[in-house]
Structures are given as structure tokens and as C-alpha cells.
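User: Please take a close look at a single strand in this model. I should like a connected account of its side chains, its partners and the cores around it.

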Amino acid sequence: MGNGKTFRKQGVFWFLFGIGICRYFDNKIHAINRRKLEISANRLDILERLLNLKNNEIQIKEHLERMGYKKVAIYGLGMIGNYLYEELKNSNMEIIGIDKSDIYNNFQMKIYKPENHFEDVDVIIVTPVLGFKEICENFSGAYHGTIISCQQLLKECESYLYKS
């Protein structure tokens, strides 16, 4: 009879352990999905704002030129970085890219890794929708110029909507 009680206790233990493991992974999955949803919502917001600027004929390159920027770095060459590059490539500014990935070979600009020393630039525009603070911290020792998020850049450009 002692073996039966031990077996039941072990069974209850493993059952509860299994429930705990399931809850742990369920929470992990929910956290991942929340992050993906937050990223998607931010990207949608940025794309909406870019479209609004375009519809109102406000050009990002004109704003950056007014700010006196001659050499601009785009950090992150995904969808938003690609759009920004297309907007800026025919300007009077020199454009470079900064990205962790090696898959970008369709750009006609120099592309650097974040950890590499890249040429001095006037401003770094950070396009990833999350992690701006961490990205800025990565440049803390190597770069002492202006770093702005894509959201901040859009906010500055949107200010022209209200001036007219």
C-alpha cells in the first residue's frame, strides 16, 4: 500500500508540474504575441503618418536639409528604413545605412554594422519601432551626434502641417 500512495503523490506532483510548465509557456507565448502586436501597431502608425505627409506634399528630405544635415545614417534597413532611403536617396545629402543584417545588397549606399566604426554623420535616424533607448545606449561611446527615432522625425515633419 505504501507504493500506491507514493505513486499517487508522484502523479499529483507531475500533474501539477505539467500544469506549471504549460502556464509558463502560455505566458511566454502571450508576451511574444503582445510584443508583435505592439510592433505592428507602431509600424501601421508610422506608415499612416508617412502617407499623410506625402498626401500633404511635405518631404522628409526638405526638413532634414533645413536642419542642416549633410550626412544622414539610417539605422535599420527593414520596411521603414527602406522607405526612408527611397525618400532621401535623390537629395543633396549623403546617406549611409547601419544594420545588423548582411542581407541588404540592393541599396546604393555604404552599409555598416552597428558595432563597426562608421564615418561621421550629422544624424542617425533609428527606424526600428521598439528599442530606441537600447540602440542609443549602444552608440554612447562611439557617436556623439544627434540620434532621433523615426517617430520623432515624423513629428518634426508634421509640425509643418500646422504652420500652413
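Analyst: In this predicted model, strand S4 spans residues 123-126, and its side chains alternate: Val 123 and Ile 125 point one way, whereas Ile 124 and Val 126 point the other way. All four of these residues are buried.

S4 pairs with two strands. Strand S1 (residues 71-75) runs parallel to S4 and is joined to it by 4 bridges; within this pairing, Val 72 stands opposite Val 123. Strand S5 (residues 146-149) also runs parallel to S4, again through 4 bridges, and here Ser 149 of S5 is the bridge partner of Val 126. The connection from S4 to S5 involves helix H4 (residues 132-138), and the three elements make a right-handed β-α-β unit.

The surroundings may be described through the nonpolar cores. The largest of them has 28 residues, and Val 72 is among those with the most contacts inside it, together with Ile 60, Leu 64, Leu 88, Ile 95 and Leu 153. S4 supplies at least two residues of this core, as do S1 and the helices H1 (2-55), H2 (60-66), H3 (79-88) and H5 (150-163). H5 gives the most, with 5 residues. Leu 88 illustrates the packing: beyond its neighbours within four places in sequence, Leu 88 is in contact with Val 72 and Ile 74, and also with Ile 60, Lys 61, Leu 64, Met 93 and Ile 95. Apart from this core lies another, of 12 residues, which includes Ile 124 of S4 as well as Ala 73, Tyr 112 and Ile 135. In soluble globular proteins, nonpolar side chains tend to be buried together.

Technical notes
Residues are numbered from 1 along each chain as its sequence is written. This is a predicted model: local features need pLDDT of at least 70, side-chain atom pairs count only at pLDDT 80 or more; totals for chains, interfaces and linings use all residues. Side-chain values use heavy atoms; hydrogens and water are left out. Buried means under 20% relative accessible area, exposed over 50%, partly exposed in between (1.4 Å probe, protein chains only). Two strands pair if DSSP finds at least two bridges between them. A crossover is right-handed if, with the strands pointing away from the viewer, the path from the first strand over the helix to the second runs clockwise. A nonpolar core is a set of buried Ala, Val, Leu, Ile, Met, Phe, Trp, Tyr and Cys residues joined through side-chain atoms within 4.5 Å. Contact means heavy atoms within 4.5 Å.
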